[in-house]
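Here are a few short exercises on charged side chains, each with a worked solution. Keep the structure open beside you as you go.

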Amino acid sequence: MALSVASSYRGRFAPSPTGPLHAGSLVAALASWLDARAHGGTWIVRIEDVDTPRCVPGADRLILQQLATCGLVSDEPAVWQSERGALYLQALNQLVATDRAYPCGCSRKDIEAALHAAGLNRERHHAAVYPGTCRPENGGLQGKPARAWRFAVPSEPAVMTWTDRRLGPQAQNVAREVGDFILRRADGLWAYQLAVVVDDAAQGITHVVRGEDLADNTPRQIALQRALGLPLPAYLHTPLVLGANGEKLSKQNGAQALDLSEPMEALNQAAAHLGLPVSGEDVGQALTSWVGAWALDAGPVRA
């Protein structure tokens, strides 16, 4: 995949259209927009609708409208992942050709049974670590039909390290803690990890600013970027907005859609969460002042 490295800052906000924006997603959108503006860069909106069964019809357009109401407008036309399958297939073919991806015939039940037989128990609320049953060196499919495609996580380096602009030095043993992860699902849909890596490279993204809940994805994405010979963006993971139960505010746990009848109220709440001062100005003036503050010191999100 021949992709050039961007020479200037390019950032993005990549919402999934599973419903309208909520308070947590506005924090991520505002942070990514401010970081791009503070660097004099380009800010792009990408609709991550690769998981089509979870997408809500019309939510993509609603999200774009919500962002515009808050003064956050993509500098380039928005793109939809559902229209970019050819790029993902190209990347998968490259990984297969370099022995970095392989077909898998295991169902979830098969994986659980293999882990149980090996005396390994899956931690509660954690995905099962794939035991490598269908790896070529373990005999491959052994007559089973291929269901999905997996990335062959390299054993070296054993620990993937990177530095987050807010969280500081990070490390994860991807092989032990995640295992060979899915690139293309059994239902034919593309997995998030592959799609986001391919899109970030194709769009020349140099800086990724997103919620802290996605920090755990970073080592898998770096492993894919290295396997595909792609540039590595800089990462900044912003503090999460928590619900009344102390868990991450999300559409899955009933987060309410943003009330933008008074957009400055929603923006001020998001800005305060990012360590920025509350503004009594209108949307345009407030955003301008926050860009200046971000460039100097944006409280908890600046390294």
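**Exercise 1.** Find the distance at which the side chains of arginine 135 and glutamate 137 meet, then decide whether each residue is buried or exposed.

*Solution.* Start with the pair: in this predicted model, arginine 135 and glutamate 137 form a salt bridge through their side chains, at 2.8 Å from N to O. Next, take arginine 135: its relative accessibility is 18%, and buried means under 20%, so arginine 135 counts as buried. Finally, glutamate 137 has 56% relative accessibility, so it counts as exposed, the cut-off being over 50%.

**Exercise 2.** Do the same for aspartate 216 and arginine 220: what is the N to O distance, and how is each residue classed?

*Solution.* The side chains of this pair meet in a salt bridge of 2.9 Å, N to O. Aspartate 216 comes to 41% relative accessibility and is therefore partly exposed. Arginine 220, with a relative accessible area of 13%, is buried.

**Exercise 3.** Locate aspartate 200 and arginine 46, and work out which parts of the chain their salt bridge links.

*Solution.* First, the contact: the two side chains meet in a salt bridge at 2.9 Å, N to O. Then the positions: aspartate 200 lies in helix α6 (residues 192-202) and arginine 46 in strand β2 (residues 42-47), so the bridge links distant parts of the chain, 154 residues apart. Last, the surroundings: both aspartate 200 and arginine 46 are buried.

**Exercise 4.** How many salt bridges are there in total?

*Solution.* Counting by the 4 Å rule gives 15 salt bridges.

Conventions. Residues are numbered from 1 along each chain as its sequence is written. This is a predicted model: local features need pLDDT of at least 70, side-chain atom pairs count only at pLDDT 80 or more; totals for chains, interfaces and linings use all residues. Side-chain values use heavy atoms; hydrogens and water are left out. Helices (H or I, at least four residues) and strands (E, at least two) are DSSP runs, numbered from the N terminus. Buried means under 20% relative accessible area, exposed over 50%, partly exposed in between (1.4 Å probe, protein chains only).
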